Every structure is written in C-alpha cells, then in structure tokens.
Amino acid sequence: MTQSHEGVRSVLTQFGLEIGDVKWWKTVQHQGMPWIQVTEHEKCDVLFLWRDPDGNESCSDIATVLMDVNSVTDHHSPTPTYMSRFAGTDVWYWQAKLPSNWRGSYQFIPLTQQQLPEWGRGVPEKSQQRQWWVSILASGVPDLYNPYRGHLSNWGNRLSALHLPDAPRQTAWYAHDSAAELPVVNLSECTWESLILNNTRRVWIYESGDVAAMSDDMKADRPIIFLMDGRFWHSNMPVYSAIAHETHQGRLPPALYVLIDEINGQQRSVELPCNSEFWQAVLTELLPWLQEDFLFTNRAEKTVVAGQSFGGLAAMYAGYNWPERFGCVLSQSGSFWWPDIELASSVTDRIQGRMPGVRGWLMNHIEANPIHRPLKVYLEAGTREGEMISLSESMFDVLSEGDHQVVFSAFEGGHDRICWRGGLLDGLHWLLTSSSTN
C-alpha cells in the first residue's frame, strides 16, 4: 500500500526545489494536497504530506504522526499506520494506492513520545486500545494544504476530505466545500420538550424552495423529511445549501425538512435502535406540534425518514411499523446487525471482507411479519464497510420479496458522512420523484 522513501522523494523533487524549504512548501500549497497520480487499472497513487510546525527532528517534540484515513487505515489495530519523516526536514509523508472512485475523510494525528501507546510490542486489550485512541483524538489536525473545506467529526475536530477523480460527483456540495454558501433562509430552531421521552432537544425546521411564492394549498401538499442526527447535518456538515441547490435545479421538490437533534451519543444509542417509544413521541408529540406552525403533507408516500448507521436502522424501523405515515425510507449504512454485536465485525473485516447473506433481527422480523403496506426504500452502503454492506444487501433481498419499491446503491468508501452526503441527496431524489420504479 505504501511507497518507498526514495520513490516518494522522486515525486517531490520534480518541483526542482529542496524538499522542505519555504519555496517548496509554497509550491505544495499552490499544488494542493493530497498529491494524486492516476495509474493503471483505475487506481490512484495518493501522497499525503504534513508539515511539522516546530521544524525538523532536532527542534520538534513530535515523535510520530498517525495517519487516519476512513476505511483505509485501521486505528483499532495495535500497530496503527504512521507517516514517515524526511530526515532533517519538517516534512512527514505517507502514500497509498486507492481505487480511482474512492472518497473519504482523513486527518493527521501528531504525537509526542508521551502520547505513544505503552503496550510496546504486546497486543493490548480492546478496551485499552480504545482508551488510547480516545485520548489522542483531540490531537487530530486537518490537512492545511487541502483546498476543500472539510467537516467536523463527532469528536469536534475538523476532518479533511479526499475525492478521487472517478468518485461520484457531489455538485450540490461545491458551495459548502469552498465556503461559498449563501445565508440560510426559512430556517427555524425550536425546542422539543417530550413528555414521553422525558427529555428536551433542539429541532431544526427548514423550508426549501421559494416559500413566499407558495400558496397554502401548495404548502399543504409538500413532502416532509425527517432527518436523524440532525445536529450533525445542521452544524458539522450543514446540509441546507446542498438542498437549496438541488431544489433550484429541480432535482428535489420544495419540502419541509425536520432535523432532529440526537442530544448525545448515549441517548442516540438508546433512541435510534428500534425504539417504539421514540417514534410514538414523534407521531403524537412532534408531528402535531409541527402542524400548529407549518403546512405539509399527510400522505405517507411523500413522507421520508432518512438516517445513517443507527439512524438508517431507525428509518427502516419507522417505515416497517408505521408505513401509513412513513412511506419512504432512506437508510444509509444501516446498523442492521442490531442487537447482535457479534455481527458487527472489526474495522479490518470492514475493509477487507464481507459476510454475504448475514441477517439481523429487523430483517428477520420483517420476513416473518411482512409489512402490511408497500414502502419505497432507498438503501446505500460502502464497499469498504464489510458487514454493513452485506446487511444492507440482505435487507434489499428481504424487501424485494414483497411489493415494495426498493433500490440498493453501493459506493467506494467507508462508514463516512463525506460519502453519505451525496447518497442522501440521490436517495431523496429517487424517493420523491414519481418516475421511481422497482
């Protein structure tokens, strides 16, 4: 996967400058990183560079730099992937060969000697490995020479984005990537105090399209989309400019988007995995509350529940149990292994292999107790997600046995919102257009 030190040197000396000097780094900045070279058989050599702000090894405390690339490197391994330093310079590098249609997030994690794992050559316990990983995450930094804006992770640090030449185009996100979004209009932030769930959370309501030009009858027939992990799509990777772009282009109809805050990781892991109480609260508290201030459709075929991972599981669960209200499901990398954690393989397995035919509780339940009303379902997963893509494929097989309209789409990448953001819009387009077919 990696290239030799001398091979990398031959690439970098083509600038005709001394590696690591000021003019060399200015050339790197102008060129933009990572350095991508298309090779044979739809592959790319990708070179990552990180500049040590404290200089070379004689004056810097940085002992090593961990390379964290979604679905490519494995931070769960007791021997994670590290960059190499050009001796006597502030240049750290790492190179990989990737499919030309790959897309993903990455970051650099510079570590001092004190931050290195203490288990030496031994094999740590999983809990020990995770504890160390969590302890170093705050040290993660984005690629300052990457021209794209990137996005915030769930941990709050900024990740960089890499889009290889043949990755599906995400035109609607160009304004976000270049930080050129227009101000968001027709966006409301409300507080939902749930008696059923005994908690309080934020909900963001976004009205797309030319709202001022819409009659009440038009508003009353517009679709409503419930988006799980609303805080992420509101704050970490704001989805509004992309929706506005697709609506303006006519790929999406004007609609009402409801982004539901997940509150925190612990609450998310309770409410999203097949929790009937959560959806009862949405149906009996949130929906009536929304109807007091907004007009939108009551038709199931124009009501979408969309989510990723646990959110993708939640979306499918909502459609299965309440198809008369949630007639459209957009499930991306759904956690269909739930509740059997043994079906959730290691990250290495996600990258290297699949488990064809594997099934979780929800799909077995659907097969044994068929949904009483046809659904429209868009499933998506990454080729580097192992059990996640296998489970989504199995869910597609189960749903295809019924009268449902269902499609499955695979992308070259991992469990990564930089991939999901494109599929989110593609899925909404398919679900909300009348021309969709089985």
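Two strands pair if DSSP finds at least two bridges between them. Helices (H or I, at least four residues) and strands (E, at least two) are DSSP runs, numbered from the N terminus. This is a predicted model, in which local features need pLDDT of at least 70, side-chain atom pairs count only at pLDDT 80 or more, and totals for chains, interfaces and linings use all residues. Residues are numbered from 1 along each chain as its sequence is written, and side-chain values use heavy atoms, with hydrogens and water left out.

**Exercise 1.** Describe the pairing and burial of strand β13 (residues 303-308).

*Solution.*
1. β13 runs parallel to strand β14 (residues 328-332), and five bridges join them. Here Val 304 is opposite Cys 328.
2. β13 also pairs with strand β11 (residues 224-227), in the parallel sense, through four bridges. Ile 224 of that pairing faces Thr 303.
3. Six of the six residues of β13 are buried (under 20% relative accessible area, 1.4 Å probe, protein chains only).
4. In a regular strand the side chains alternate between the two faces of the sheet. Thr 303, Val 305 and Gly 307 point one way, while Val 304, Ala 306 and Gln 308 point the other.

**Exercise 2.** Determine how helix α12 (residues 361-368) is oriented against helix α13 (residues 387-400).

*Solution.*
1. Axes are lines fitted to C-alpha atoms, for helices over the stretch in contact, and angles run from 0 to 180 degrees between N-to-C directions.
2. The two axes come within 10 Å and cross at roughly 5 degrees. α12 is therefore roughly parallel to α13, a label for angles under 35 degrees.
3. In contact (heavy atoms within 4.5 Å) are Leu 362, Met 363, Ile 366 and Glu 367 of α12 with Leu 391, Ser 394, Met 395, Val 398 and Leu 399 of α13.

**Exercise 3.** Give the strand order of the open sheet of four strands and place helix α2 (residues 22-31) on the sheet strands.

*Solution.*
1. The order is β1-β2-β5-β4, with antiparallel pairing.
2. β1 (35-38) and β4 (84-85) are the edge strands, each pairing on one side only.
3. Two bridges link β4 to strand β5 (residues 91-99), and Ser 84 has Tyr 93 as its bridge partner.
4. α2 lies across β1, β2 (43-51) and β5, at about 135 degrees to β2.

**Exercise 4.** State the confidence of the chain and locate a stretch where pLDDT stays under 50.

*Solution.*
1. pLDDT, the predictor's confidence in each residue from 0 to 100, averages 92 over the protein chain, and 94% of the residues score at least 70.
2. The stretch is residues 346-352, for which the model has 14 contacts beyond four places in sequence.

Definitions and conventions
Angles under 35 degrees count as roughly parallel, over 145 as roughly antiparallel, 65 to 115 as roughly perpendicular and the rest as oblique. Buried means under 20% relative accessible area, exposed over 50%, partly exposed in between (1.4 Å probe, protein chains only).
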